[in-house]
Amino acid sequence: MFPTLMLSAILVTQPADPLQRFSGSWSGEMASFGAEFPPIEMSLTVKPTEVEGDWTWWIQYGETDIRRYVIRAVDAESGLYEVDEKNSIVLPAQMFGGHTLISAFAIPPSRLIASYRVQGEELIFTVVTMNEAAEATTGGEGQVPEVLTVPATSMQRAVLRRRP
């Protein structure tokens, strides 16, 4: 009976849609490394919309740069989402462990990996930018496969705290 109670407790604490963990208003300062940008205030607002499976994904940088995106579950059970920028750009995103959302995309000549991770009352936002123009190949001798390298050129990071 004990294992059944444990399983029941675990199932009760897991949200049906992991985006529920992200729900709320978050804010903090974003710092840039490897790029000459001063720290800037950042906020993220995530809340369900009237369309089932759709959530607001509103990002604000500073006072005037507001991006009103929608994130939607493509298959929440397998962790597959998409971020609709509402301008013909739709980016795939994958949820890992129910608490980390990752989206990878390219804006030539750059490749970017954006990560959002909820840890308690904090949301850790990270974007790593890579320069595809500096790609190189290594390995490829004998049984060793070729490996494509893409150097990271900058990183942006913010620790956002949930606002009441």
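This is a short talk on the aromatic pairs, one serine and the salt bridges in a predicted model.

Okay, housekeeping. Since it's a predicted model, local features need pLDDT of at least 70, side-chain atom pairs count only at pLDDT 80 or more, and totals for chains, interfaces and linings use all residues. Residues are numbered from 1 along each chain as its sequence is written, and side-chain values use heavy atoms, with hydrogens and water left out.

Let's start with the rings. A pair of aromatic rings is described by the distance of the centres and the angle of the planes. The rule here takes rings of Phe, Tyr and Trp (for Trp, its six-membered ring) with centres within 6.5 Å; planes under 30 degrees apart are stacked, over 60 edge-to-face, and the rest tilted. That gives 3 aromatic pairs. In one of them, Trp 57 and Tyr 116 have ring centres 4.9 Å apart and planes at 80°, so we call the pair edge-to-face. Along the chain these two are 59 residues apart: Trp 57 belongs to strand S3 (residues 54–61) and Tyr 116 to strand S8 (residues 110–119). Strands, by the way, are DSSP runs of E, at least two residues, numbered from the N terminus; helices are runs of H or I, at least four.

Are those two buried or exposed? Trp 57 has 2% relative accessibility, so that one is buried, and Tyr 116 is buried too, at 8%. The cut-offs: buried is under 20% relative accessible area, exposed is over 50%, and partly exposed is in between, using a 1.4 Å probe and protein chains only.

Tyr 116 also pairs with Phe 125: centres 5.0 Å apart, planes at 45°, so this pair is tilted. Phe 125 is buried, with 2% relative accessible area. Put Phe 22 alongside Trp 57, Tyr 116 and Phe 125, and you have one aromatic cluster.

There's a ring with a charge over it as well. Over the ring of Trp 58 sits the charged end of Arg 68, 5.2 Å from the ring centre. The test for that is NZ of Lys or CZ of Arg within 6 Å of the ring centre and within 35 degrees of the ring normal.

Quick detour to Ser 32, in strand S1 (residues 24–33). What does Ser 32 touch? Leaving out residues up to four places away in sequence, the list is Phe 37, Met 155 and Gln 156, where a contact means heavy atoms within 4.5 Å. Ser 32 is buried, at 15% relative accessibility.

Now the charged pairs. How many salt bridges are there in the whole structure? The search finds 8, each being a side-chain nitrogen of Lys or Arg within 4 Å of a carboxyl oxygen of Asp or Glu.

Take Glu 135 and Arg 111, with the closest N and O atoms 2.4 Å apart. Glu 135 is in the loop between strand S9 (122–131) and strand S10 (136–139), while Arg 111 is in strand S8, 24 residues apart. Both ends are partly exposed: Glu 135 at 31% and Arg 111 at 30%.

Then there's Arg 162 with Glu 121, at 3.0 Å between the closest N and O atoms. This one joins strand S12 (residues 152–163), home of Arg 162, to the loop between S8 and S9, 41 residues apart. Arg 162 is partly exposed at 28%.

Arg 161 meets Glu 122 at 3.2 Å, N to O. That bridge runs from S12 to S9, 39 residues apart. Arg 161 is partly exposed at 48%, and Glu 122 is too, at 28%.

Last item: Asp 54, Arg 72, Glu 82 and Asp 84 are joined in a salt-bridge network. That's my tour, thanks.
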